[in-house]
Amino acid sequence: MEEQIAAPTRELPLQFHATGAEYFRIWIVNLLLTIITLGIYSAWAKVRRLRYFYGSTSLDGTSFEYHGKPIPILKGRLIAVAAYAVLALGGRLSPYVAFLMLPLIFFGVPWIIVKARLFQMRMSSWRGLRFNFHGNYTGALGAYVGWMLLAMVTLMILWPWALWKQNRYLLGNGAYGTERFEFHATKGQFYKFCLIGLALLLAALCMAVLPIRMLYTAHPELLRPNPNALPVEAAMVSLKLAGAIYLFAGPLILLAVAWFHARLLDVSIGGLTLGPHRVFARLRTWPLFWIYLTNLLAMICTLGLFYPWAKVRMLRYQTANIGLIAHGSLDQFVADTQTQASAVGEGMHDVFDIDFGF
Amino acid sequence: MIQGRYFDTHSSAAGVAQLEAVALESVCLHVNGQRQMFGLAQLEISDRIGSIPRRLRFPDASEFETDDNDGVDALLGAAAPRQTWVHRLERNWGIAVGALVGVVAVSFLFVRFGLPVVAGWVAAVLPPSTDNIIGQHAIQILDHGFLKPSTLDAQRQANLHNLFSRMTASLNDGHDYRLELRDSPALGPNAVALPAGIVVMTDQLSTLAANDEELMAVLAHEIGHVRGRHALRQMIEGVGISAIAVVILGDMSSVTALASAAPVLLQSRNSRQLESEADAFSRQWLRDNHIPEQRFDDILCRMIGPEDKKGAQLPPFLATHPAIQDRAHCPSEGK
């Protein structure tokens, strides 16, 4: 980017045009076709879903576009289903099999993350220009396996640091055309919101203790297990207990999750720059919490039928609070000629051939 | 004239452009005061989804984007029906409601009727060693949790083992039957069939039984489970159901995970069917061995307990066993 001289600054929030009613019809048709084709159509369904949401999101009057094709997605899904079957059955047959698979998972997961991110970014465009991803395998291995192991060894004290590494890897390696995104969030910011999130969670757990104490005061016989109690009765007691915990601690846990979600997006995405332009994210905890809570209740009341509206509500709030502070014109980004050619061309390179993104 | 935006795709520059239908099968692009002619066949046109903008890609990879979906469809006319059938399904509310009914019906029918059959096939393919491995692990887990060593005296234990081997000796169905006696206040009077022919019987059951013929009725029920490889089939169904849930709810989140509870309810129905199968096997076995079928009713009624309050029973859609009154004639039930 050349120097901008007296560049006017514009704040450009993302615009979102999707509606629940429109997405409901796309979703339910996708679902039926997926079921009657025994899951094969799910790849086509993913393309339609992402094309709908990308196409419904616009920046400065131009919508985003998803270019993914169903066949690479289908290949990725078939491999994933096969791997899942092997892992699920293997793990159930013998813990030794599961143990042998551990290194496979350790070294395989970062590879899948790189491939999925590469596919996702290169298959996205705005104003006809593709996004790109420059992260490599070693970076993913470090951020997702190395740092996670370090976090576990240190009893999660290093977990915010690992989360920071992972976000820096995913976002800081992104590019639009030839212009690289730069990640500016600090470890300190990550530690701050992780600690406050943890405090909220602990408060939620304390709230959960309250109903348990109430239950035991009401039914002191629970402390002395009745040897003649029928398993059914024991199950009903556990059910009541679980219900009480959900009722009391659930909203607080949801609040902690909303806080974490909002701060993570604000700090990580909100700290990105692209050339002279700056990405902003201003999600707030309470609106997000309200959307979580009402979506959840509506989903339960409608037996999951509310899902498309829930999804659209969530995306509408997120997109309305994310955007770009543009310094000067957005016309000067240049295509990464190599990427542009190989992604648009018929014969895609093998890296695009499989999509593992879920 | 279709209004839209034009991107050269070499840079992020955007220009205002118009597209105009000229002669049959060809269009004229007006951009930057220039006019370019294209045949419809040269253009790559994105198919319609909801009301998102349409994109037309020209042979030089440049793009034209427009919100005028109807305009593009009119331009294409009858010339190119393309893959618009999905969009035709998606725009229609009647079809959406029909699809909803279809989704519910198909998932219900599959989990109810298809999955048990598939699980049966998979179980048939898996070698007997699978049963052995699972069975060994299951009994280890149970021994850590609910079961304690049996407190019955050695003579009684030997008699029971003897009884069980006499029952299973003539079966010759490839299963290595083994009786495990355990004390378990948690399970109460009960017997459990594990894969690999392991049948666990609690001391509480042995005490509850009025005679050995009643115990044989319960053991025959468990043998019925072993012969049908019911435990293995249920495990396979469980894997199948979670796999289906992942496929259907492509993007899993905590909220959508709720919806996966529905198949579990259906599975408990399948489980009740397996219980009925095992009950039938037990009654048949009693008849074949000239033991009164009444023994089965007697012990079952006593196991569940005549004083069993109706309120303590799970609602039918959650229960893994059929209701007692559907399984046995209990005298005190007054039925």
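**Exercise 1. A hairpin in chain B**

Work out in which sense strand 3 (residues 26–31) and strand 4 of chain B pair, and over how many bridges.

*Solution.* Start with the pairing: strand 3 and strand 4 of chain B are antiparallel partners, joined over 6 bridges. Keep in mind that this is a predicted model. Next, pick one rung of the ladder: Leu29(B) has Gln36(B) in strand 4 of chain B as its bridge partner. Then look at the turn, where 2 residues sit between the strands of this hairpin and Asn32(B) adopts a positive phi near 50°. Finally, ask how strand 4 (residues 34–39) of chain B is placed: 0 of its 6 residues are buried, so the strand lies largely in the open.

For the wider setting, chain B holds 12 helices and 11 strands. Of its 335 residues, 32% are buried. Among contacts in chain B with a separation of 6 or more, 58% join residues 24 or more positions apart.

**Exercise 2. The sheet of chain A**

Trace the strand order of the open sheet in chain A, and find which strands are its edges.

*Solution.* Reading across, the order of the 11 strands is 1-11-10-9-8-7-6-5-4-3-2, with antiparallel pairing. The edges are strand 1 (9–13) and strand 2 (15–16) of chain A, each of which pairs on one side only.

Now step inward to strand 3 (residues 57–59) and strand 4 (residues 62–66) of chain A, which run antiparallel and are joined by 2 bridges. Within this pair, Ser58(A) has Ser63(A) of strand 4 as its bridge partner. Helix 2 (residues 42–55) of chain A packs on the sheet here, touching strand 3, strand 4 and strand 5 (124–126), and its direction makes about 165° with that of strand 4.

Further along, helix 6 (residues 159–172) of chain A lies across strand 7 (174–176), strand 8 (179–183) and strand 9 (272–274). Helix 6 of chain A runs at about 160° to strand 8 of chain A.

**Exercise 3. Two helices of chain A**

Place Gly108(A) in its helix and classify its exposure; then check the span of helix 9 of chain A.

*Solution.* Gly108(A) belongs to helix 4 (residues 95–122) of chain A. Count its surroundings: Gly108(A) has 13 C-beta neighbours inside 10 Å, so this residue is partly exposed. Its C-alpha is 28 Å from that of Arg48(A), 60 residues away along the chain.

Turn to helix 9 (residues 285–301) of chain A, with 17 residues: its first and last C-alpha atoms are 24 Å apart, close to the 24 Å expected at 1.5 Å a residue. After helix 9 of chain A comes Leu303(A), with a positive phi near 55°.

Definitions and conventions
Residues numbered from 1 in each chain as written. Chains lettered and ligands numbered in written order. Predicted model: local features only at pLDDT ≥ 70, side-chain atom pairs only at ≥ 80, totals over all residues. Helix = DSSP H or I, 4+ residues; strand = E, 2+ residues; numbered from the N terminus. Buried ≥ 20, exposed ≤ 12 C-beta atoms within 10 Å, placed from the backbone. Contact = placed C-beta atoms within 7 Å. Expected span 1.5 Å × (residues − 1). Pairing = 2+ DSSP bridges. Axes fitted to C-alpha atoms, helices over the stretch in contact; angles between N-to-C directions.
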